[in-house]
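Work through these exercises with the chain open in your viewer. Try each task before reading its solution.

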Amino acid sequence: MKPTPKIGLLFGSFNPIHTGHLILAHFMATHTDLDAVWLVVSPQSPFKVGQEMLGEQERFDMVSLAIQHNDRLRALDIEFDMPKPSYTIDTLDELHRRYPDHSFVLLMGEDNLPGLPRWKQSDRILAEYAVYVYPRPGVDATDVNAHPGVQVVEAPLLDISATFIRDCVHTGKSIRYLVPEAVETQILAKGFWR
């Protein structure tokens, strides 16, 4: 019998995707028990309403470019056809419906963990899915292991933000090595955040 694929889900607006996202996703896919990591491009997070964002397709295309040579990572646009804003539990339900033979694990930064109780049906998320938490610089979530389904993964600490990258582009500063070369080329060619 074929084993159940165990997939880590890294949700984000990826506005834009950057090296920190990629190092984290690849680390989780290769240093844990996960078979792969799917990067779920969120068209609209309920916690980021009103933020200036590139269109969902542009962000998805950059994620696809960034991971095109990594068979352990996959870009997912599942939320594009779902009601907005996107709620994690609704996406998890839809993924379970589409991929009933897969097991899904939610990947979450330590900085987001304290806000988890405010998420839609957070009790169901914790009851039905494992959560792998990765450290964030300057964050100390001491009660991170309070729930049996939550596991801390000692991943590298990365302090790169999409906001910083957008600001660099806006002010004409280099973003080389902050984003993959293909993403940098796309940003400059399309004039994003100018």
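In which sense do strand 4 and strand 5 pair, and over how many bridges? Strand 4 and strand 5 (residues 130–134) pair in the parallel sense, over 5 bridges. Helices (H or I, at least four residues) and strands (E, at least two) are DSSP runs, numbered from the N terminus. Two strands pair if DSSP finds at least two bridges between them.

The model is predicted: local features need pLDDT of at least 70, side-chain atom pairs count only at pLDDT 80 or more, and totals for chains, interfaces and linings use all residues. Residues are numbered from 1 along each chain as its sequence is written, and side-chain values use heavy atoms, with hydrogens and water left out.

**Exercise 1. Build the sheet.**

Task: Find the strand order, then place the pairs.

Solution.
- Step 1. The sheet is open and has 6 strands, in the order 3-2-1-4-5-6, with parallel pairing.
- Step 2. Look at the edges. Strand 3 and strand 6 (150–152) stand there with a single partner strand each, so one side of each has no neighbour in the sheet.
- Step 3. Check the twist. On average, neighbouring strands are turned by 30° against each other, direction ignored. Axes are lines fitted to C-alpha atoms, for helices over the stretch in contact, and angles run from 0 to 180 degrees between N-to-C directions.
- Step 4. Join strand 1 to strand 2: they run parallel, with 6 bridges. Gly-8 stands opposite Val-37 in strand 2.
- Step 5. Join strand 1 to strand 4: the pairing is parallel, over 4 bridges. Leu-9 faces Leu-106 of strand 4 as its opposite residue. Lys-6 has Ser-103 as its bridge partner in strand 4.
- Step 6. Go on to strand 5. Leu-106 has Val-131 as its bridge partner there.
- Step 7. Finish with strand 6. Strand 5 and strand 6 pair in parallel over 3 bridges, and Val-131 stands opposite Val-150 in strand 6.
- Step 8. Add helix 1. Helix 1 packs on the sheet and touches strands 1, 2, 3, 4 and 5. Its direction makes about 145° with that of strand 2. Contact means heavy atoms within 4.5 Å.
- Step 9. Add helix 2. Helix 2 packs on the sheet too, touching strand 2 and strand 3, at about 160° to the direction of strand 2.

**Exercise 2. Follow the crossovers.**

Task: Which handedness does the unit of strand 1, helix 1 and strand 2 have?

Solution.
- Step 1. Strand 1, helix 1 and strand 2 make a right-handed β-α-β unit.
- Step 2. Strand 4, helix 4 (residues 122–128) and strand 5 also make a right-handed β-α-β unit.
- Step 3. Apply the test: with the strands pointing away from the viewer, a right-handed path from the first strand over the helix to the second runs clockwise.

**Exercise 3. Judge burial.**

Task: How many residues of strand 1 are buried?

Solution.
- Step 1. Set the cut-offs. Buried means under 20% relative accessible area, exposed over 50%, partly exposed in between (1.4 Å probe, protein chains only).
- Step 2. In strand 1, 6 of the 7 residues are buried, so the strand is largely enclosed by the rest of the structure.
- Step 3. Strand 4 (residues 103–109) is mostly covered, with 6 of 7 residues buried.
- Step 4. Turn to helix 5 (residues 162–170). Its buried residues are Ala-162, Ile-165, Arg-166, Cys-168 and Val-169. They cover an arc of only 160° around the axis, so they lie on the same side of helix 5. The arc is that of the directions from the helix axis to the C-beta atoms.
- Step 5. Helix 6 (181–190) is included in what covers those residues.

**Exercise 4. Inspect the loop around Asn-15.**

Task: Is Asn-15 buried or exposed?

Solution.
- Step 1. Asn-15 sits in the loop between strand 1 (6–12) and helix 1 (19–31).
- Step 2. Its relative accessible area is 3%, so Asn-15 is buried.
- Step 3. A polar atom of the Asn-15 side chain lies 3.2 Å from the backbone nitrogen of Leu-54.
- Step 4. Beyond four places in sequence, the contacts of Asn-15 include Arg-59, Arg-166 and Trp-193.
- Step 5. Check the backbone. Most residues other than glycine have a negative phi, and most peptide bonds are trans. Phe-14 has a positive phi, near 50°. A cis peptide bond joins Asn-15 and Pro-16, with omega about 5°.

Conventions. Polar contact = N/O pair within 3.5 Å; in protein donor to acceptor, adjacent residues only side chain to side chain.
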